[in-house]
Number of protein chains: 4
Amino acid sequence: MLQRAIDTEDKALRRADILSAARKLFLEDSRQLPSAASIARESGLAKGTVYLYFRTKEEIFVALLAEDFAGVLNAVIETFSGTWQTEGIAGFINRYVTYLDSRPEFLRLDAMSYSVLEQNMGDDQLRSFKLDLTRGLVAAGRVLDNALGLVPGRGVTLLLRTYAITRGLWQSLDFPPTMRALLADPEFAPIRPNFRTELVEALNEYWRGAMQTN
Amino acid sequence: MLQRAIDTEDKALRRADILSAARKLFLEDSRQLPSAASIARESGLAKGTVYLYFRTKEEIFVALLAEDFAGVLNAVIETFSGTWQTEGIAGFINRYVTYLDSRPEFLRLDAMSYSVLEQNMGDDQLRSFKLDLTRGLVAAGRVLDNALGLVPGRGVTLLLRTYAITRGLWQSLDFPPTMRALLADPEFAPIRPNFRTELVEALNEYWRGAMQTN
Amino acid sequence: MLQRAIDTEDKALRRADILSAARKLFLEDSRQLPSAASIARESGLAKGTVYLYFRTKEEIFVALLAEDFAGVLNAVIETFSGTWQTEGIAGFINRYVTYLDSRPEFLRLDAMSYSVLEQNMGDDQLRSFKLDLTRGLVAAGRVLDNALGLVPGRGVTLLLRTYAITRGLWQSLDFPPTMRALLADPEFAPIRPNFRTELVEALNEYWRGAMQTN
Amino acid sequence: MLQRAIDTEDKALRRADILSAARKLFLEDSRQLPSAASIARESGLAKGTVYLYFRTKEEIFVALLAEDFAGVLNAVIETFSGTWQTEGIAGFINRYVTYLDSRPEFLRLDAMSYSVLEQNMGDDQLRSFKLDLTRGLVAAGRVLDNALGLVPGRGVTLLLRTYAITRGLWQSLDFPPTMRALLADPEFAPIRPNFRTELVEALNEYWRGAMQTN
DNA sequence: TATGAATGAGTTTTCATTCAT
DNA sequence: AATGAATGAAAACTCATTCAT
């Protein structure tokens, strides 16, 4: 039997183990959530133990998503704090896209949140997830407002739209290995540009339009 | 037992019945695909009959999605053909958003395509769906190229990005009734602007940036 | 694959198959309901097929119980119809107890109805089970009223009390094999009289007291 | 952490705490045994601690049942000791029924003993429970024999049958709140007489028949 | 003794799909 | 072509009990 997680710190560690097992398995097949049994196996725990730390399987993945969201928002805040002006918007966009690259599960998971993840969660969990998200977004928006001298509240809007472009493009341009083979023919080229390149360009165009007085 | 659909026309009719039953049921609860049994019941057919017209349940909804996609692309083509210059980009955006409003199932279905619909389809079906999509997109892109005097191929890119913004915003801003109640608190206001308004603004900003020489 | 039960008669047959499989398995271990899987296996059907005929596992056993109840009530009605007077109450009691002997699962199942069976059933099923029961009881009571020249309604009461004595004694005196071994010591003799003997005596005493004018 | 129960008295106290917590929870929902976790919570102990005092969850409830049985038998003994003749059998029946009323969990628990409680107990526990029961019954039977001038051993029989009528009627006439609503229709009246009234009448009839020389 | 973290067996039911009629 | 009876895989979660601390 496993060593027991008695104090808060150990428990946090165990929770993190579960999350990391879930992340790993999800990356192996991003089209569906891994089973609770497989997550338990991968984290070296019994099934029941997993349910000691999360109330439903979906909660695990929403927690993962929350981590990633927090990470993005932090990246944004860091970018726009202190010395940001040296980089300009293009610099921000680059940093942002690079961050996304470091979190390959993020956008895949995000694409399931609307139709899969939010299905089987307690209202409380869902609400508190959305609340954290909102607060993080507002905080980051405020940093933007300051850094760019925007009308208060404009920062949140820009972030929301930036994020919309991101998730929208991802879902248009990411193909699982199987489909990639299926769409290898050059005729499909128009719908298969590279995600990263496309995102950078699209965001640059958007921000150019958005920052322009009109 | 139903009268048999012998000739091609009858068959097309029966197929349409199934599609319309599926659309109706999906609109009643857009968070999950209706069951095959309920679709059969709603269309007045037996379960087995439905499977004579579609190989899997998901195919039904992809067919629905294909119809809607074709509709959007048609709307785009119409807008940019002939007399379009009287409207300008803002006019196009308005028409586009209005069209979306008339197809309430479209974006909901679209939000499931990445993680649900494309899961359980034959490769053939998937490929031919994507092929139609690509061709339609390229055709519409060409119309844009002509109407706006763009570098050939630029039109497709603009459409792809326009669509990315649309689906991204939709997934950020559409909440099912249950969640709407859950997020009624004003603290959630920043993540709950009106979809239509937000989409119009975001698209205007994007197109402004995109059309600007740089 | 199995031959399909198309018409009503075949379906009734299939239903009966399931019931008889369930009865058999229950008799093998009367302390808990057999699993749905084992019932399917025993009746040579797939699990899903069982659920085509019964909405929950408990419904199967309640159906069994209903059959047995109907049987008892029929036995009562037959006993008291026509030529009954030749037998007297003692004759009725004998017939009744003999009938019970022929249905070894009946009282075991009955002992679970209060705490197990009625747990996982739809309200509709439960209500209609109770309704049938009530009607049968009232009908049999009426036959008693006539045969014995009782105040109308008295028959139902007598049946209810007769049944109470039966189930009460059963639960006091029936021991599963394991427990029988455990209670082999003569010290336990006072709580281990033979069920049948005891029931006959108790019923005779009860009816003697009940039929006596007072 | 709770103060440790070192001496026998403390232990008995703790045991009593658990029993009273279990009784309380069972009264709140008499259709199923409360969970071990809830019993621990309600008694202010840890789950593991409960298992220091009882080997299985069922043992707790059998202990409860044993307490109640002892109570009934005591009531019987008291009734028939000393001055009992002033009351007559009817007086005894009344006292008995009144005692039952004061122990609302008793018959509910009893109804589970056959199919639920005796399932998951150690043989030792089960045997010693039955032994106590037998001894108590024999003792009470003897008191009856004396008070009523019966053939030795007849008292036990009368008690056993009295109890059979009691538990049989209870299971026929007690309905949980949900079912009560379901059976509100007057058509169900025949199976819904009042338990107490019915029990008193049935016992009077039985004892009349039983005490009569024949 | 007391604790509560960890265990893992155990089972119903759904529902997309097939195929005998 | 149409039917609908039959199939059977698939998986989340609970909870009594144990045992390391």
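**Exercises on a predicted model**

By class, 21 nonpolar, 13 polar and 12 charged residues make up the surface near DNA strand F. The model you are looking at is predicted, and the exercises below start from that surface.

**Exercise 1.** Find which residues come nearest to DNA strand F, and which elements give two or more residues to the surface near it.

*Solution.* Begin with the 46 residues around DNA strand F: A:G48, B:A46, B:G48, C:G48 and D:G48 come nearest. Next, go through the elements that give two or more residues to this surface. Chain A offers α2 (36-43) and α3 (47-53), while chain B offers α1 (8-28) and α3 (47-53). From chain C there is α3 (47-53), and from chain D there are α2 (36-42) and α3 (47-53).

**Exercise 2.** Check whether the span of α1(B) agrees with its 21 residues, then find what covers its buried residues.

*Solution.* Take 1.5 Å a residue: the helix should span 30 Å, and its end C-alpha atoms are 31 Å apart, so the two agree. Now look along α1(B) for buried residues, and you will meet B:R14, B:I18, B:A21, B:A22, B:R23 and B:F26. Their cover includes α2 (36-42), α3, α4 (57-80) and α6 (104-113) of chain B.

**Exercise 3.** Describe the side of chain A that touches chain B: which element gives the most to it?

*Solution.* First, count the contact: 41 residues come from chain A and 43 residues from chain B. On the chain A side, α6 (104-113), α7 (123-148), α8 (154-173) and α10 (195-211) each supply at least two residues. Of these, α8(A) gives the most, with 12 residues. Finally, sort that side by class to get 23 nonpolar, nine polar and nine charged residues.

Notes. Residues are numbered from 1 along each chain as its sequence is written. Chains are lettered from A and ligands numbered from 1 in the order in which they are written. This is a predicted model: local features need pLDDT of at least 70, side-chain atom pairs count only at pLDDT 80 or more; totals for chains, interfaces and linings use all residues. A residue is near a molecule or strand if its C-beta atom, placed from the backbone, lies within 6 Å of it. Helices (H or I, at least four residues) and strands (E, at least two) are DSSP runs, numbered from the N terminus. Ala, Val, Leu, Ile, Met, Phe, Trp, Tyr, Cys and Pro count as nonpolar, Asp, Glu, Lys and Arg as charged, and the others, Gly among them, as polar. The expected span of a helix is 1.5 Å times one less than its number of residues. A residue is buried if 20 or more other C-beta atoms lie within 10 Å of its own, exposed if 12 or fewer, and partly exposed in between; C-beta atoms are placed from the backbone. Two residues are in contact if their C-beta atoms, placed from the backbone, lie within 7 Å.
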